[in-house]
Amino acid sequence: MSDFTSIAGQAPRKVQGGAYPKILISLLFLAASVLLALPAINGGVFDALSTDDAMRLVEVRDLIGGQGWFDLFQYRLDPPGTLMHWSRLIDAPLAALILLLKPLLGMHDAEAVTLYFWPALLFAVALMLVAAIARQMSNSVNPLIAAVVLAALALPALVHFRAGAIDHHNAQIDLLLALVLMTTQIEQSAVKAALGGLMASLSLAIGIEMLPAIAAIGLAVFGLFVWRGAPVARQVGAFGAGLAASSLLLAPALLPLSSLRVQVCDAFGGPVLLLTAGGGISLVLMAGIDRYSQTLRMRAVSGAALAIVLVGVFLSSFSGCIAPPYAQLDPIVVSLWIDNVSEAISLARMLQLFPEKVPVFYGLPIVTIGFAVAALIRSPPSERFRWIVGIVTLAALIGISFWEVRGAAGASMVAAPLFAASLSILWPRLAPARLLLLSVVASPLGLAAAGLSAKPLLDVIFRPQAIPEPSPCRSLSDVASLKRLPKGRVMAPLDLGPAILAETSDDVFAGPYHRNNDGNAALLKLMLAPLPTARQILSDRRVDYVITCQAGPDLNMVKLAPEGLEAHLAHGEVPDFLERLYLDPADKIAIWRVRR
C-alpha cells in the first residue's frame with residue numbers, strides 16, 4: 001500500500017497553484033461527494049436508490065434478520081422464491097455498518113447513514129487509486145490532479161458513487177483500479193504481484209462483469225513471463241499463487257461446496273473458480289518449469305499446453321457457459337425487457353436512440369487508447385509493461401461497452417489516469433494548467449456539453465428513433481401506500497419490484513433480474529393477455545393485487561396488445577375481476593385488488 005502513502009506523505013512538491021496534491025485531491029473529493037449526494041439530500045436517500053440498490057438493501061436486511069450466509073434465495077421474489085447471484089462480500093460490510101450504527105441511531109437512520117457513507121468511502125478509494133496509477137505511469141506528480149479531475153467528471157462511472165449506491169459496481173471499479181495499480185508494478189515486487197491476484201479474485205467473487213478486463217490483464221502477465229522469463233518468474237509465480245490461493249479460499253467462504261459442481265455461468269461458482277484457480281496454478285507451474293529450461297520456446301510451449309488443458313477441462317465440465325448469456329430466458333422477457341434495459345444497450349443501439357450521448361460514454365476511453373499507445377512507444381523498455389497493462393485493460397472495457405454500455409463506467413475510470421499520464425509523457429513541458437484544461441475538455445462532462453451542442457446535426461445524420469420516457473414509478477415512496485393493505489402477492493411493473501420488497505412485506509412476482517425469468521414472464525404475459533386469460537393467470541398465481549404506473553402507462557404494451565389487460569387499465573376500463581383501491585390521491589401508482 002506504499003502507493004497510497006506516497007501520494008499523501010511524499011516530500012513537499014508543489015503542483016498547480018502551489019497546493020499539495022493531497023490537499024487538492026481532498027477538496028476535489030469533498031466537492032464531488034457533495035454534488036453526488038445532492039439528489040439524495042433533496043429527495044431522500046431511500047428514494048435515491050436504484051432498483052439494484054433497493055434489492056441490495058433487501059438482501060442486507062434479510063442477512064441481518066437471520067437468513068443464512070449461504071442462502072441467497074430471495075423468497076419474496078416470484079414466490080416461493082428466486083435464487084439471486086449476488087455476493088455476500090458486499091452484503092457483509094453493509095450489514096456490519098448498519099449493526100454498528102443501530103444502537104446509536106436506530107435501524108432506519110443507521111441504514112440512511114450507511115447509504116451515504118458506503119459510496120462516499122468507495123469514491124474516495126477510487127480517487128486515491130486513480131492518483132496512484134497516474135503517478136506510477138508517469139513517474140511524476142504532475143498528472144495527479146488532472147487524473148483525479150477526469151475521474152470526478154467521469155459521468156458514466158459517477159452514477160455508481162452517488163449517495164444510495166450500494167450495489168456492487170462501485171466496489172468492482174475500485175478492485176479493478178487496484179488490480180491495474182498492482183500489476184503495473186509486477187516487475188518490481190512479488191508482494192504487489194500477489195496482491196494483484198487477490199484483487200482479481202475479490203472482483204470475480206463479487207461479480208463477473210469485469211471478467212474480460214481481468215482476463216486481459218492475466219494474458220498480459222502471461223505474455224510478460226513468456227517474453228522475459230527468469231527475471232520476472234518469481235513475480236509472475238506470486239501473481240498466479242495469489243490468484244489461485246485467494247480463489248480457493250473465497251469459494252468455501254462464500255459458496256456451499258455442493259454448488260461448485262453446478263453450472264453457474266453468471267456469477268462466482270465452479271466455472272469461474274476453475275478458470276481463476278487453474279489459471280493461477282498454470283502460471284506457477286510455468287515459473288517452476290522455467291527453472292529447468294530457461295528458453296522462450298519452452299515457456300511458450302508449456303504455456304500453450306497448460307492453456308489447452310485448462311480450456312479443455314472447462315469445456316468438458318461447463319460447456320453450457322459458452323452459450324449466449326440470455327439463451328435460457330423466455331423470448332417475451334428478452335424482447336420486452338432485456339432489449340430495452342438502458343445499461344445493456346449496445347453502441348449501435350445508442351446511435352439509433354440518442355447519438356449525442358455516444359461521446360460521453362466512448363469519447364475519453366477511445367482517445368485515451370491512442371495517447372496510451374503513443375506513450376508506450378515513447379517509453380523506455382523498462383516502463384513499457386505498465387502501459388501494456390493499461391492498454392489491454394482499457395481495450396477490454398471498451399469492447400464490453402460496445403456490446404453493453406455498462407462497460408463504459410469502468411472504461412472511463414481506467415482512462416482517467418492513463419489520459420493524464422500519457423499526455424505528461426508525450427509533452428513533458430506541458431504546463432500543469434494546460435494539462436488540467438485539456439483533461440476537462442476531454443472528460444465525459446466536457447464531451448456531454450459538446451454532444452448536446454451537436455445534437456441538431458446528429459439528429460439529421462442519424463435520425464434517432466423516438467422512445468418512451470422511463471417509467472416515473474420506481475422509488476420506495478411510490479409504493480408506500482401499499483403498507484396500508486394486508487400483506488399479499490403483487491403483480492407490478494418490473495422496476496417497481498425491488499421498491500415493493502424494500503418498502504413493504506409483500507411478495508412480488510417481477511423484478512429486473514435475469515434469474516427471475518418465470519416471474520417476469522408471468523407479469524408480461526398477464527399484461528398482454530385478453531381479459532379471460534388474464535383472469536386465469538391471476539387465479540393460477542394466487543395474485544392479491546395488481547399495480548400499474550398511472551403516471552406513465554406502458555404505451556409499448558398498450559400498442560402491442562390493444563385488447564390486453566394493460567391497455568384496458570390504461571384506458572380506465574376496469575374488468576369485473578379487479579377492484580380499484582384509492583389509498584392516496586398523490587399516488588403515482590394505481591392499485592387493484594383481485595376479486596376472488
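Cys 265 is partly exposed, with a relative accessible area of 33%. Its partner, Cys 321, also counts as partly exposed, at 21% relative accessibility. Keep in mind as you look around that this is a predicted model.

The two cysteines are joined by a disulfide, with 2.0 Å from S to S. In general, a disulfide is a covalent bond between the sulfur atoms of two cysteines. The torsion about the S-S bond of Cys 265 and Cys 321 is about -80°, so this disulfide is left-handed. Where do Cys 265 and Cys 321 lie? Cys 265 sits in the loop between helix 11 (230-254) and helix 12 (270-290), while Cys 321 sits in the loop between helix 13 (296-317) and helix 14 (331-336), so the pair ties together parts that are 56 residues apart in sequence.

The structure holds two disulfides. The other one to find joins Cys 473 to Cys 549, with an S to S distance of 2.0 Å. The torsion about the S-S bond is 70° here, and the link is right-handed. This pair also links distant parts of the chain: Cys 473 is in the loop between helix 21 (455-462) and strand 3 (489-491), and Cys 549 is in strand 5 (residues 545-549), 76 residues away. Are Cys 473 and Cys 549 buried or exposed? Both Cys 473 and Cys 549 are buried. If you number the bonded cysteines in sequence order, the pairing reads 1-2, 3-4.

Now let us turn to the inside of the protein. The largest nonpolar core has 153 residues, and those with the most contacts inside it are Phe 123, Phe 268, Trp 387, Met 413, Ile 500 and Ile 547. Helix 5 (residues 107-138) gives the largest share of this core, 16 residues. Apart from this core lies another, of 34 residues, among them Leu 336, Ile 338, Ala 521 and Leu 523. Back in the largest core, which residues does Met 413 touch, leaving out those up to four places away in sequence? Met 413 touches Phe 123, Ala 126, Val 130, Ala 151, Ala 157, Phe 161, Ile 173 and Leu 177.

Helix 5 turns up again at the surface. Leu 104, Leu 105, Val 113, Phe 117 and Leu 121 make a nonpolar surface patch of about 450 Å². Helix 4 and helix 5 each supply at least two residues of this patch, and the largest share, three residues, comes from helix 5.

Here are three residues to compare, each with its place and its relative accessible area.

| Residue | Place | Relative accessible area |
|---|---|---|
| Trp 86 | loop between strand 2 (82-83) and helix 4 (88-105) | 5%, buried |
| Gln 235 | helix 11 | 7%, buried |
| Phe 117 | helix 5 | 43%, partly exposed |

Trp 86 has neighbours from several stretches of sequence. Not counting residues up to four places away in sequence, Trp 86 touches Asp 52, Met 55, Arg 56, Glu 59, Leu 72, Asp 167, His 168 and Tyr 513. The C-alpha atoms of Trp 86 and Leu 49 are separated by 17 Å, and these residues are 37 places apart along the chain. Gln 235 touches Ile 186, Glu 187, Gln 188, Ser 189, Ala 190 and Ala 193, again not counting residues up to four places away in sequence.

How values were computed
Residues numbered from 1 in each chain as written. Predicted model: local features only at pLDDT ≥ 70, side-chain atom pairs only at ≥ 80, totals over all residues. Heavy atoms only, no water. Core = buried A, V, L, I, M, F, W, Y, C linked by side-chain atoms within 4.5 Å. Buried < 20%, exposed > 50% of the residue type's maximum accessible area, 1.4 Å probe, protein only. Helix = DSSP H or I, 4+ residues; strand = E, 2+ residues; numbered from the N terminus. Contact = heavy atoms within 4.5 Å. Disulfide = S-S within 2.5 Å. Patch = residues over 30% accessible without salt bridge, like charges linked within 9 Å, V, L, I, M, F, W, Y side chains within 5 Å. Areas by Shrake-Rupley, 256 points an atom, 1.4 Å probe, with all protein chains shown as cover. Salt bridge = Lys/Arg side-chain N within 4 Å of Asp/Glu carboxyl O.
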